[in-house]
Amino acid sequence: MPKFAQIVMGPAGSGKSTYCAMLEEHFRALKRRCFIVNFDPAAENFKYSVTVDVRELVQLEDVMEDDDLKFGPNGGLIFCMEYVMKNLEWLRDNLEAQDDDYFIFDCPGQIELYTHLPAMKQLTETLQSWDFRICGVFLVDAQFLGDPSKFVSGVLSSLSCMVNLEIPHISIMSKLDLLPKRSKKQIRKYLDPDMIAIADSEESQSSYHSRKFSNLTRVICELIDDYGMVRFLPLDRSDEDSIDIILQNIDMSLQYGEDLEVQDKDFDQDLPESTE
Ligand SMILES: Nc1nc2c(ncn2[C@@H]2O[C@H](COP(=O)(O)OP(=O)(O)OP(=O)(O)O)[C@@H](O)[C@H]2O)c(=O)[nH]1
Ligand SMILES: [Mg+2]
């Protein structure tokens with residue numbers, strides 16, 4: 001039987017850990033089981049129950065206090081992640097020790113991990129080699145997506161993660177509950193965006209002092225539009241349906257439940273024919 005993993009990624013403070021806590025609650029309501037892996041060596045407080053904790057292997061604080069290493073917080077985190085990659089059998093032992101098969105990885109917020117460093121790619125490839133079906137879940141804070149130029153950079157960060165990891169990928173616009181009602185309505189146009197209209201909008205045109213950059217934005221928007229690869233799912237803490245829709249989309253990418261259906265079908269075939 002395959003195992004399943006959501007790899008929860010995104011910039012610092014985008015709401016990754018809060019999303020994991022919301023999922024835990026939602027799974028409980030659905031009477032489904034999931035295990036959350038804290039994959040952030042710098043994390044301190046948790047709003048969910050941690051089943052596997054990477055800090056048992058390596059902690060950012062120890063790395064920064066080490067007189068030989070002398071790392072600052074960012075270099076220290078990269079060191080930690082490289083250390084984890086060299087010790088993946090630790091992860092394997094800890095995942096195998098659990099008696100269920102659905103894991104959620106709460107990852108650190110250093111954006112370079114998702115764009116060009118090898119650690120996340122190594123993680124996802126290794127999980128796949130252990131028979132995991134995985135889905136990348138990339139969160140971007142809605143408050144930073146509200147105007148065209150910021151939106152383009154949010155889209156590009158999510159895209160660059162998708163291209164780097166080459167796994168099924170879901171982009172989430174998080175913290176919608178923090179937006180005032182009027183902005184909430186406005187931001188909906190960014191969920192399934194018409195990139196060309198966004199590039200040509202007055203708002204976009206007037207946000208650049210230089211024609212060169214507004215033209216560049218248009219070309220980038222056209223490219224994104226051609227590939228049709230960007231769609232954000234909204235995450236609104238005040239709306240229970242939003243987490244449900246997100247989970248349904250992820251389940252579909254993971255093909256979660258299909259094996260169960262096959263088993264049910266096999267079981268049905270074994271039943272004696274109805275005598276009605
Ligand atoms: N209102 C609201 N606040 C949120 C939401 N998601 C996160 N926050 C708040 O935003 C802050 C950062 O959230 P985290 O979940 O810790 O973000 P993170 O992406 O895990 O952060 P790092 O791990 O440090 O990169 C916290 O104060 C959260 O309470 C949300 O959906 N709605
Ligand atoms: Mg976090």
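Buried, in these legends, means under 20% relative accessible area. The structure shown is a predicted model.

**Figure 1. The salt bridge between Asp-236 and Lys-184**. At a relative accessible area of 6%, Asp-236 falls under the cut-off and is therefore buried. Its partner Lys-184, at 23% relative accessibility, counts as partly exposed. The closest N and O atoms of Asp-236 and Lys-184 are 3.1 Å apart. The pair links distant parts of the chain, 52 residues apart: Asp-236 belongs to the loop between E7 and H12, and Lys-184 to helix H8 (residues 181-187).

**Figure 2. The salt bridge between Asp-251 and Arg-32**. Here the closest N and O atoms are 2.8 Å apart. Asp-251 is located in helix H12 (residues 240-254), whereas Arg-32 is in the loop between helix H1 (16-30) and strand E2 (35-38), so the salt bridge ties together parts that are 219 residues apart in sequence. Asp-251 and Arg-32 are both buried.

**Figure 3. The salt bridge between Glu-125 and Lys-121 in helix H6**. Glu-125 and Lys-121 are four residues apart in the helix, which means a separation of about one helical turn. Their closest N and O atoms are 3.9 Å apart. Glu-125 is partly exposed, at 44% relative accessibility, while Lys-121, with a relative accessible area of 19%, is buried. In the whole structure, a search finds 12 salt bridges. Elsewhere, a network of salt bridges links Arg-33, Asp-99 and Asp-100.

**Figure 4. The surroundings of ligand 1**. There are 14 residues around ligand 1, of which Gly-15, Lys-16, Ser-17, Thr-18 and Asp-177 come nearest. Sorted by class, this shell consists of two nonpolar, six polar and six charged residues. Among the contacts of the ligand, one of its oxygen atoms lies 2.5 Å from an N or O atom in the side chain of Thr-18. An oxygen atom of ligand 1 is also 2.9 Å from an N or O atom in the side chain of Ser-17. At Ser-14 a polar backbone atom is 3.2 Å from an oxygen atom of ligand 1. Ligand 1 taken alone exposes 650 Å², and the protein buries 70% of that area.

**Figure 5. Positive phi at Lys-70 and Asp-131**. Most residues other than glycine have a negative phi. Lys-70, although not a glycine, has a positive phi of about 50°. The loop that holds Lys-70 runs between helix H2 (60-65) and helix H3 (73-86). Lys-70 has a relative accessible area of 68% and is exposed. Asp-131 is likewise not a glycine, and its phi is positive at about 75°. Asp-131 occupies the loop between helix H6 (119-129) and strand E5 (132-141). With 52% relative accessibility, Asp-131 counts as exposed.

**Figure 6. A nonpolar patch on the surface**. The patch is formed by Leu-223, Tyr-227 and Met-229, which together have about 360 Å² of accessible area. Met-229 sits in the loop between helix H11 (211-227) and strand E7 (232-234). The relative accessible area of Met-229 is 46%, so this residue is partly exposed.

Terms used. Residues numbered from 1 in each chain as written. Chains lettered and ligands numbered in written order. Predicted model: local features only at pLDDT ≥ 70, side-chain atom pairs only at ≥ 80, totals over all residues. Heavy atoms only, no water. Patch = residues over 30% accessible without salt bridge, like charges linked within 9 Å, V, L, I, M, F, W, Y side chains within 5 Å. Areas by Shrake-Rupley, 256 points an atom, 1.4 Å probe, with all protein chains shown as cover. Salt bridge = Lys/Arg side-chain N within 4 Å of Asp/Glu carboxyl O. Helix = DSSP H or I, 4+ residues; strand = E, 2+ residues; numbered from the N terminus. Buried < 20%, exposed > 50% of the residue type's maximum accessible area, 1.4 Å probe, protein only. Near = heavy atom within 4 Å. Polar contact = N/O pair within 3.5 Å; in protein donor to acceptor, adjacent residues only side chain to side chain. Nonpolar A, V, L, I, M, F, W, Y, C, P; charged D, E, K, R; others polar.
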